[in-house]
Structure formats: structure tokens, C-alpha cells
Amino acid sequence: APELRAFLHEDGHKLLEVVRYRIAAADRPAFLAAMEEVRRVRLRGGAARWRLYEDVAHPERWVELWVVESWAEHLREASRLTEEDRAALARAAALHEGDGPPEAARYVNVL
């Protein structure tokens, strides 16, 4: 959105990154193991914090959240990924059930 451009290029506006997964109950152990790898990838790539949440009412729904210090830091994340990192992310995404890939979103801290 045009009104967010200023926030993206100023210091002090953290970015929350979110990926939503739908995981079959039978795949839960494999998903948790894959997400341990994903956690290391995100933290090594610049995340200040990382969390994984399971929906209490719908245990097939999962949300991965991590925070980076700025939009610029977010842009640097991709350049830091190794082939091993990409493989770890792909293993987690492969467990997602749905018509497309896991849903990703980014939120900029405005207040």
C-alpha cells in the first residue's frame, strides 16, 4: 500500500512475517521436526524472534511467526539462504495440505 512505503524504508519499524500451514494429524511429528530446522534457518537469517503456534480449536492449523528488525533486513533474509536452508523450508512446506503453498504474509509495525 502506498501509505506504508515510508514505514518500509525508515528504521525502527519491525516486520512481522507469518506463514500459515495446514497439517494432517498423522504428519504432526514430521512437521514439528521440520519446523525445528526452519527455526534455525529463520534465526540464522536475521529473525530477532521466532514462534510456532498450533490452533487449539483446529489442530490442523499452524502459524509460524518471526520478527525482523526492518524491511531492509527482510530483503537480506533471502540472500542469506543456503541450499540446505532452502531444502529445510521445502521439507516443511511439503507437509502443507492445500491447493497451493502455505500462505505467507508480512506486517509492518506502525505504532
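Student: How many aromatic pairs does the structure hold?

Tutor: The model discussed here is predicted. One pair joins Tyr21 and Phe31, whose ring centres lie 5.1 Å apart with the planes at 65°, so this pair is edge-to-face. In total, the number of aromatic pairs that the structure holds is 2.

Student: Which parts of the chain does the pair of Tyr21 and Phe31 tie together?

Tutor: Tyr21 is buried at a relative accessible area of 7%, and Phe31 is buried at 0%. The two residues are 10 apart in sequence, and because Tyr21 belongs to one element and Phe31 to another, the pair ties together strand β1 and helix α2.

Student: Which residue forms one aromatic cluster with Tyr21 and Phe31?

Tutor: Tyr21 and Phe31 are themselves an edge-to-face pair. The cluster that contains both of them also includes Trp62.

Student: Which element gives the most residues to the largest nonpolar core?

Tutor: This core has 19 residues, and Tyr21, Ile23, Phe31, Met35, Val38, Trp66 and Ala92 touch the most other members. At least two residues come from each of β1 (15-22), α2 (28-44), β3 (61-68) and α4 (83-94). The element that gives the most, with 5 residues, is α2.

Student: In what order do the elements of the chain run from the N terminus on?

Tutor: The secondary structure comprises 4 helices and 4 strands. From the N terminus on, their order is α-β-α-β-β-α-α-β.

Student: What percentage of the contacts with a separation of 6 or more comes from residues 24 or more positions apart?

Tutor: Gly45 and Leu81 illustrate a pair distant in sequence, being 36 residues apart along the chain and 7.0 Å apart in space, C-alpha to C-alpha. For contacts in the chain with a separation of 6 or more, residues 24 or more positions apart account for 70%.

Student: Which residue lies over the face of Trp66?

Tutor: Beyond four places in sequence, Trp66 touches Leu15, Leu16, Glu17, Val18, Val19, Arg42, Ala47, Arg49, Trp50 and Glu77. One of these lies over the face of the Trp66 ring, at 3.8 Å from the ring centre, and that residue is Arg42.

Student: With which residue does Arg42 form a salt bridge?

Tutor: Side chains of opposite charge can pair when their charged atoms come close. Arg42 lies in helix α2 and its partner in strand β3, 22 residues apart. Arg42 is buried at a relative accessible area of 14%. The closest N and O atoms are 2.8 Å apart, and the partner is Glu64.

Student: Is Glu64 buried or exposed?

Tutor: The cut-off for a buried residue is under 20% relative accessible area. Glu64 has 0% relative accessibility, so this residue counts as buried.

Student: How many residues apart in sequence are the parts that Arg106 and Glu17 tie together?

Tutor: The side chains of Arg106 and Glu17 meet in a salt bridge, at 3.5 Å from N to O. Arg106 belongs to strand β4 (residues 103-108) and Glu17 to strand β1, so the separation of the parts tied together is 89 residues.

Student: Which residue is buried, Arg106 or Glu17?

Tutor: Arg106 is partly exposed, with a relative accessible area of 43%. Its partner has a relative accessible area of 2% and is therefore buried, so the residue asked for is Glu17.

Student: Which strand does the salt bridge of Glu54 and Arg28 tie to helix α2?

Tutor: The side chains of Glu54 and Arg28 meet at 2.8 Å, N to O. Glu54 is partly exposed at 30% relative accessibility, and Arg28 is partly exposed at 36%. Arg28 lies in helix α2 and Glu54 lies 26 residues away in sequence, so the strand tied to this helix is β2.

Student: Which residues does Gly45 touch, not counting residues up to four places away in sequence?

Tutor: Gly45 lies in the loop between α2 and β2. Gly45 is buried, with a relative accessible area of 9%. Beyond four places in sequence, the residues touched by Gly45 are Glu73, Glu77 and Arg80.

Student: Which residue is linked with Glu73 and Arg80 in a network of salt bridges?

Tutor: The structure holds 12 salt bridges. Within the network that links Glu73 and Arg80, the further residue is Arg76.

Definitions and conventions: Residues numbered from 1 in each chain as written. Predicted model: local features only at pLDDT ≥ 70, side-chain atom pairs only at ≥ 80, totals over all residues. Heavy atoms only, no water. Core = buried A, V, L, I, M, F, W, Y, C linked by side-chain atoms within 4.5 Å. Buried < 20%, exposed > 50% of the residue type's maximum accessible area, 1.4 Å probe, protein only. Contact = heavy atoms within 4.5 Å. Salt bridge = Lys/Arg side-chain N within 4 Å of Asp/Glu carboxyl O. Phe/Tyr/Trp six-rings, centres within 6.5 Å; stacked < 30°, edge-to-face > 60°. Lys NZ or Arg CZ within 6 Å of the ring centre and 35° of its normal.
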